[in-house]
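Welcome! Let us work through a few short exercises together, one step at a time.

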Amino acid sequence: MQAKKLTTCILAASCLLMSSLTDARMYRYKDDNGRMVISNTVPQEASTRGYEILNNQGRVVERIAPAPTEEELRQRAEEERRQQEAEEQRVRDKALLRRYRHPDDAVRALHRKIDELEGLIQLKRGNISVIESQLDAEQSRAADLERSGREIPEGTLSKIERLQSQIQDIEAEIAVQNREIEQIRKSFREDIERLEVITEQERTLPLETESAGANR
């Protein structure tokens, strides 16, 4: 019985030893002087230069590439950035082609948008003209009272001030819409130029509308 246990222990130890030998790893790398070194460990400074993992028979089972240099990392980051920009441009182009099949389609859309906003501006200028007429009437009435030596009623002064404020507010709205028009022109111009590239077709319509030319 004791002999059997001893034999079992010896077999177990032998298996463990064989397993350890089978799993043994060595490393081959170059030291700081460029000489090839084989060791059971890899120094940190050597690992960045890359190394090879050997089995117990001295055969290469894996190669670890050198750590990338700062220049390689910079180039890699730059390439990733270019690829990301190209993908974003592809997505934008696809969306653009869903809206317009030809650059002229975008030009027509630009004209419609500008005409709509300029129509609103004209309405507001009309409102200003109406208010200015009311303001002129109130200011004339106040001037007549002042010339006759009478005191100008507080209500008249308040109305004059209110009318002036309304004119200023509408003029501010018009200024905002004019800036919006310029931004729309810029955005559409970029889209139209891009459409000419991706469709390989040139626009045949002018970017400026007739109303825009008249206003200028």
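**Exercise 1.** How many cavities of 30 Å³ or more does a search of the whole structure find?

*Solution.* This is a predicted model, where local features need pLDDT of at least 70, side-chain atom pairs count only at pLDDT 80 or more, and totals for chains, interfaces and linings use all residues. Residues are numbered from 1 along each chain as its sequence is written, and side-chain values use heavy atoms, leaving out hydrogens and water.

Step 1: the search finds one cavity of that size (on a 1 Å grid over the protein atoms alone, a set of points where a 1.4 Å probe fits but cannot get out). The largest cavity has a volume of about 30 Å³, volume being the space filled by probe spheres set on the points, which are joined across faces, edges and corners.

Step 2: Leu110, Arg185, Arg189, Leu207 and Glu208 line the largest cavity (lining residues have an atom within 4 Å of a point).

**Exercise 2.** Is histidine 111 buried or exposed?

*Solution.* Step 1: find histidine 111 in helix α4, residues 103–147 (a helix is a DSSP run of H or I, at least four residues, numbered from the N terminus).

Step 2: histidine 111 is buried because its relative accessibility is 16% (buried means under 20% relative accessible area, exposed over 50%, partly exposed in between, with a 1.4 Å probe and protein chains only).

Step 3: leaving aside neighbours within four places in sequence, histidine 111 is in contact (heavy atoms within 4.5 Å) with Pro206, Leu207, Glu208 and Thr209.

Definitions and conventions
Helix = DSSP H or I, 4+ residues; strand = E, 2+ residues; numbered from the N terminus. 1 Å grid on protein atoms, 1.4 Å probe; cavity = no way out; pocket = protein on both sides within 12 Å on 5 of 7 lines; lining within 4 Å.
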